[in-house]
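Hello, and thanks for taking a look at this one with me. My notes follow the structure below, as numbered points you can check at your own pace.

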Amino acid sequence: MPTFVYMTSCDGCGYCVDVCPSDIMHIDTTYRRAYNIEPNMCWECYSCVKACPQHAIDCRGYADFAPLGHSVRVRREEEKATISWRIRFRDGREKNFVSPIRTTPWGSIKAPSEYPEPTAAAMNSQELAHEPEALKIGALPALKRDQLKQGLV
Ligand code: SF4
Ligand code: SF4
């Protein structure tokens, strides 16, 4: 479900613009408010919903589960670290979902810029950034030759 902005709630802070991975949240130069320039290109990641301090961003329900007369409201509550969804069907039924935004305290995860720069050898490694430490499983598991199907190697 792509997002849209309630321009009367938006204060133009630009957090959604900074966080959007699809670069489709823009600030309207006349009204100084954010808007989704291309809903078809929305990843539906809801990073903008989680980032908006004004609760100004909402999403459009797809016609197959939310036909005319529906509403889908989403609310981020930073103090509770939750994101809540309220779906109202056109026959009046309502469903509410609450999910944690994160499972660790705010500020407890180091930003990429706080890690030392990767070495040239690390750039050629198969491991992703901060692996294997970030996985907290010690060394990465690897198949041994005797575990492979006979005849393949
Ligand atoms: Fe961008 Fe994700 Fe928001 Fe879509 S849901 S506008 S991709 S941040
Ligand atoms: Fe507007 Fe919210 Fe985006 Fe800030 S984060 S520009 S208040 S929609």
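1. A word on the model before the details. This is a predicted model, so please read every value below as computed from its coordinates. I begin with the surroundings of the ligands, then go on to the pocket, the sheet and a few backbone details.

2. Ligand 1 has 14 residues around it, and the closest of them are Cys20, Cys42, Cys45, Tyr46 and Cys48. Sorted by class, this shell holds nine nonpolar residues, four polar ones and one charged residue. If you count classes yourself, keep in mind that Cys is put with the nonpolar residues here.

3. Ligand 2 is surrounded by 13 residues, with Cys10, Cys13, Gly14, Cys16 and Cys52 coming nearest. Its shell divides into nine nonpolar, three polar and one charged residues.

4. Tyr46 deserves a second visit, since it is among the residues closest to ligand 1. Tyr46 sits in the loop between strand E3 (34-36) and helix H2 (47-51). Its phi is positive, about 65 degrees, although Tyr46 is not a glycine. Is Tyr46 buried or exposed? Its relative accessible area is 12%, and buried means under 20%, so Tyr46 counts as buried. For background, most residues other than glycine have a negative phi.

5. His55 is another non-glycine residue with a positive phi, here near 50 degrees. You will find His55 in the loop between H2 and strand E4 (57-59). With a relative accessible area of 24%, His55 is partly exposed.

6. Now to the largest pocket. It encloses about 290 Å³ of space. Its lining is made up of 15 residues, and those nearest the centre are Pro118, Ala122, Leu128, Ala129 and His130. By class, eight of the lining residues are nonpolar, three are polar and four are charged.

7. Next, the sheet. Three strands build an open sheet in the order E5-E6-E7, with antiparallel pairing. Its edges are strand E5 (71-77) and strand E7 (94-100), each of which pairs on one side only. On average, and with direction ignored, neighbouring strands of this sheet are turned by 15 degrees against each other. As a general reminder, strands of a sheet pair through backbone hydrogen bonds.

8. How many bridges pair E5 with strand E6 (residues 82-88)? There are seven, in the antiparallel sense. You can follow the register through individual pairs: Arg73 has Arg86 of E6 as its bridge partner, Arg75 stands opposite Ser84, and Glu77 stands opposite Thr82. The hairpin of E5 and E6 has four residues between the strands, and within this hairpin Ala81 takes a positive phi near 55 degrees.

9. On its other pairing, E6 is joined to E7 by seven bridges, and these two strands run antiparallel. One bridge to look at links Ile83 with its partner Ser99 in E7. E6 and E7 also form a hairpin, this one with five residues between the strands; Gly92 in the turn has a positive phi of about 100 degrees. As for exposure, E6 is mostly covered, with five of its seven residues buried.

10. Please also check the peptide bond between Glu131 and Pro132. The bond is cis, with omega about 0 degrees. Pro132 lies in the segment after H3. In general, most peptide bonds are trans.

11. My last point concerns Lys136, which is found in the segment after helix H3 (120-123). Is Lys136 buried or exposed? Its relative accessible area is 72%, and the exposed class begins over 50%, so Lys136 is exposed. Between the C-alpha atoms of Lys136 and Ala111 there is a separation of 17 Å, the two residues being 25 apart along the chain.

How values were computed:
Residues numbered from 1 in each chain as written. Chains lettered and ligands numbered in written order. Predicted model: local features only at pLDDT ≥ 70, side-chain atom pairs only at ≥ 80, totals over all residues. Heavy atoms only, no water. Near = heavy atom within 4 Å. 1 Å grid on protein atoms, 1.4 Å probe; cavity = no way out; pocket = protein on both sides within 12 Å on 5 of 7 lines; lining within 4 Å. Points joined across faces, edges and corners; volume = space filled by probe spheres on them. Pairing = 2+ DSSP bridges. Axes fitted to C-alpha atoms, helices over the stretch in contact; angles between N-to-C directions. Buried < 20%, exposed > 50% of the residue type's maximum accessible area, 1.4 Å probe, protein only.
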